[in-house]
Amino acid sequence: MSATTTNHRRGFRLFALDMNEIGLIVILLVLYFGFGATTNGFLSANNHLSLLRDAASIAIAAWAVTLIIIAGEIDVSVGPMVAFTSVCLAFMLKADVNVALAILAALAIGGALGTFAGSLRAYFGVPSFVATLGLWSALRGMSFFTTNALPVTFPDNAFLDILADNMFGIPTSAIVMLVLFAIFSFVSQKTAYGRSIFAVGGNANAAELCGINVARIRVLIFTTSGVMAALAGVLLTARLGSGNAGTASGLEFDVIAAVVIGGTALSGGRGSMLGTLLGVFVITLIGNGLVLRGINPFFQEVVRGVIIVAAVLANILVTRYRERRIFGV
Amino acid sequence: MQTARKQDPQPLVAAVRGATKHYPGVLALDDVDFEIRRGEVRALLGKNGAGKSTLIRLLTGATVPDGGEVTIDGAALTGSGTQRTVEAARLGVRAVYQELSLIVGMSIAENLFLGRWPSSMGVLSHGEMEHQARETLARLGLTLDPRRRVATLSPAERQLVEIARVMIGEPKLVILDEPTSSLAAAEVKLLFKAVRSLAAAGIAVIYVSHRMNEIRQIAQAATVMRDGKVAGTVEVADADTAEIIRLMLGRGEQEDRLVGEARGGDAVLSVRDLAVPPKLSGVSFDLKRGEVLGFAGLLGSGRTELLRAIGGLDTVRVGTVLLGGKDITRASYGERVKSGIGMTPESRKEDGIVPLLGVDENTVATDFSKVAVNGVISASRMADAAGDIIRRIGIKTARIDTPVGTLSGGNQQKVVIGRWVYAGSRVLLLDEPTRGVDVEAKSQIYAIIRQLAAEGKSIIFVSSEIEELPKVCDRVLVLKDGNFVQEFSAPGIETDTLMAACL
């Protein structure tokens with residue numbers, strides 16, 4: 001019974017690059033320098049700050065959605081969740097609730113709603129697409145219903161101003177994004193919770209038979225997603241200075257697109273935070289560049305659609321090539 | 001052994017002549033001749049890997065022989081790929097497999113005519129379809145309403161609908177693969193009635209089964225396969241069970257035994273009056289420390305239900321399960337894992353491995369906390385733990401993080417066993433641990449099982465390959481129709497007596 005096995009791990013380093021990620025970096029460089037060379041103002045310092053701020057609004061929700069998609073699930077409720085928590089926060093601040101308390105309450109509301117969707121999935125077998133689609137509709141409706149579609153304003157608040165502003169010359173939201181990136185990368189790679197998510201997405205039956213509490217994992221990822229969407233809602237409220245029922249419309253699709261462009265498989269079991277980070281920047285660069293070039297806003301949507309599908313197609317082709325090498329099929 | 005026919009021979013429906021089939025490392029069929037005539041019901045027997053499935057695949061056109069020829073109703077099969085199966089189906093070959101293939105959301109009638117629904121000018125004619133369906137069911141002596149949805153049918157009724165489906169479009173040869181394995185006794189009667197109707201209509205039936213009492217009721221002759229050859233064809237009326245077992249096993253090559261005599265210490269696992277209606281009626285046994293206990297039994301004998309109930313995958317409603325004196329009858333699967341039970345599933349790919357994750361993560365998945373420091377998985381601890389299991393179990397892998405999906409079946413199975421060794425389980429429930437692995441890996445797995453027993457682990461070993469049991473087991477309990485019918489202890493465990501007890 002001798003085995004010559006290298007006692008060393010390849011895939012465990014936090015930020016190991018794989019082929020898909022290298023491809024994305026190339027795409028990013030092409031977009032960056034392409035827009036840089038042809039578009040006025042793209043390379044300005046101000047535009048870089050704006051890029052970071054836009055990236056943060058997608059990325060914070062995208063970290064959690066990456067976990068959800070790795071587990072083989074989906075969350076389409078992100079946009080309305082952001083809007084609803086933003087409206088809740090604004091109402092609380094308007095009623096002079098302490099700002100720290102109000103923010104915590106907003107995060108708790110997001111977490112509770114996510115937990116609800118996750119429990120429907122885990123304990124009742126409601127497909128996560130349906131559970132979060134229900135939230136998607138109900139939360140958007142609730143936001144408009146409670147505000148009559150009018151912005152909810154509140155008194156100026158020093159703490160929210162810090163969140164809306166820059167720290168060390170960088171938008172605070174971007175700092176939050178990067179800190180959370182580090183935390184999510186760490187959790188997904190180095191904790192039992194993170195690795196269990198990969199196991200559940202890779203083969204839920206096998207994970208269950210190993211004694212992993214699959215239902216609990218499925219609930220927790222949606223709780224996490226709810227909290228992250230609420231946090232995005234808090235940052236957005238700070239930036240806008242009011243709660244808006246119609247805000248973050250379509251954000252869920254940017255988030256899912258970023259995750260999928262980043263190489264996370266919709267079938268579950270495979271994915272990375274670094275990939276999602278790159279995916280977020282691809283989406284942000286495209287949006288920002290097209291706006292600066294003055295492309296017709298309706299046509300921008302067309303271009304975005306084409307680029308998203310092209311990026312995912314490239315990702316699938318790369319994966320297929322890699323699997324043929326690994327599994328020999 | 002040639003069958004002497006008493007009556008005028010009916011015309012041949014199917015004939016296989018001189019068929020040979022190689023698979024990598026295996027000679028699946030070795031110069032096989034087989035014939036079946038109109039209206040005949042022929043039993044087909046043989047151990048796992050004897051060549052039954054390959055023979056069936058030749059007849060359905062799913063496999064092309066390397067040498068020899070297959071003739072259906074006088075016409076030799078010539079095509080390859082799917083063309084060949086279409087050809088065989090056109091000539092009248094139909095097969096019903098163990099896994100049912102009905103669409104449960106549709107009606108019986110829609111299932112019978114699946115994809116060939118009667119229609120006029122593109123519009124389905126439900127009346128016509130139901131009329132034809134009713135006629136077809138009646139030919140089999142069935143009175144099911146063709147409008148009923150399959151979802152509302154019992155397993156037995158589904159099996160019968162599956163058989164009714166092969167009646168559509170003039171079948172000549174119908175192959176039934178262990179059709180009674182999921183049926184209760186009363187339901188078997190219905191099935192036999194249907195099979196007799198087929199035979200009376202001049203259809204030839206190949207009936208794969210190992211239940212001698214069924215074979216005696218339904219078949220005239222039995223063909224026994226062994227090691228890719230036809231070991232013999234006997235008239236069922238003249239043959240006794242011992243002769244059929246002798247044909248299945250061949251004359252004894254000496255088996256390598258890893259067991260001297262039965263050993264074992266105190267009882268670790270005690271099961272009392274455990275029942276899972278309707279498949280398992282009140283069984284009791286003790287599993288001792290350091291003992292390898294085998295469960296023998298045919299497909300459908302209740303062994304799957306027993307293992308699932310002990311492991312906690314199904315709720316135990318009747319009886320008690322004690323682990324080390326502690327009552328775990330009501331404990332969930334997760335709680336049983338924590339108290340020291342480890343289970344390896346029979347379908348390794350579907351339920352065993354996470355193919356994309358490495359050997360190391362597949363191993364430590366049973367207990368991440370053992371390789372974590374303050375909740376953070378330590379790469380070096382995980383490497384040490386996985387490396388230790390890889391060495392102890394003898395897993396052949398290039399790296400410790402090689403995706404398990406890329407390993408051979410035998411090494412995947414070792415990972416699935418190894419994870420419980422890592423978790424420190426006291427009792428291992430191994431469900432078909434050698435299924436689909438090569439000969440060398442099989443003997444390695446036997447050795448691993450004995451080694452673990454020597455280290456004091458208690459093991460329940462379930463295998464449908466009966467000849468494996470004498471090699472590794474200290475004791476074997478034979479399950480039949482949901483009851484233990486006999487017990488054998490080493491060194492007195494013999495394949496032929498075991499098999500006789502199962503049939």
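Chain A of this predicted model contains 13 helices and 4 strands. Its radius of gyration is 20 Å, close to the 20 Å that the globule rule gives for 329 residues, so chain A is as compact as a globular protein of that length. The C-alpha trace of chain A extends over about 75 × 50 × 35 Å along its principal axes. Of the 329 residues in chain A, 50% are buried. Among contacts in chain A with a separation of 6 or more, 80% are between residues 24 or more positions apart.

An unreviewed UniProt entry lists "transmembrane region" for several spans of chain A, among them residues 76-93 and 246-266. In the model, residues 76-93 of chain A are 89% helix and 0% strand, and the C-alpha atoms at the two ends lie 28 Å apart. For residues 246-266 of chain A the end C-alpha atoms are also 28 Å apart. That span is 52% helix and 0% strand. Another of the listed spans in the UniProt entry is residues 298-318 of chain A.

The next topic is the interface between the two chains. Here 30 residues of chain A are in contact with 39 residues of chain B. On the side of chain A that touches chain B, at least two residues come from each of α8 (192-202), α9 (204-209) and α13 (297-327) of chain A. The helix that gives the most to this side is α8(A), with 5 residues. By class, the side of chain A that touches chain B is made up of 13 nonpolar, 12 polar and 5 charged residues.

In chain B, an open sheet of 4 strands has the order β2-β1-β4-β5, with antiparallel pairing. Its edge strands are β2 (26-37) and β5 (75-76) of chain B, each of which pairs on one side only. Strand β1 (residues 12-23) of chain B runs antiparallel to β2(B), and 8 bridges join the two. Within this pairing, Ala15(B) has Glu35(B) in β2(B) as its bridge partner.

Parallel pairing appears further along chain B, around strand β22 (residues 458-462). Strand β21 (residues 427-431) of chain B pairs with β22(B) in the parallel sense over 5 bridges, and Val427(B) has Ser458(B) of β22(B) as its bridge partner. Strand β15 (residues 292-296) of chain B also pairs with β22(B) in the parallel sense, over 4 bridges. In that pairing Phe295(B) is matched with its bridge partner Val462(B) in β22(B). Helix α15 (residues 439-454) of chain B belongs to a right-handed β-α-β unit with β21(B) and β22(B).

The surroundings of β22(B) can be read from its residues. All 5 of the 5 residues of β22(B) are buried, so the strand is largely enclosed by the rest of the structure. Both of its faces are covered. Ser458(B), Ile460(B) and Val462(B) are buried on one side, and Ile459(B) and Phe461(B) are buried on the other.

A helix of chain B gives a similar reading. In helix α9 (residues 303-311) of chain B, 9 of the 9 residues are buried, so this helix is largely enclosed by the rest of the structure. The buried residues of α9(B) include Leu306(B), Leu307(B) and Ile310(B), and also Arg303(B), Glu305(B) and Arg308(B). Just after α9(B) comes Gly312(B), which takes a positive phi of about 90 degrees.

Note on methods. Residues are numbered from 1 along each chain as its sequence is written. Chains are lettered from A and ligands numbered from 1 in the order in which they are written. This is a predicted model: local features need pLDDT of at least 70, side-chain atom pairs count only at pLDDT 80 or more; totals for chains, interfaces and linings use all residues. A residue is buried if 20 or more other C-beta atoms lie within 10 Å of its own, exposed if 12 or fewer, and partly exposed in between; C-beta atoms are placed from the backbone. Two strands pair if DSSP finds at least two bridges between them. A crossover is right-handed if, with the strands pointing away from the viewer, the path from the first strand over the helix to the second runs clockwise. Two residues are in contact if their C-beta atoms, placed from the backbone, lie within 7 Å. Ala, Val, Leu, Ile, Met, Phe, Trp, Tyr, Cys and Pro count as nonpolar, Asp, Glu, Lys and Arg as charged, and the others, Gly among them, as polar. UniProt positions are given in the numbering used here, feature names are shortened, and annotations may be inferred rather than shown by experiment. The radius of gyration is taken over C-alpha atoms; the globule rule is 2.2 Å times the number of residues to the power 0.38.
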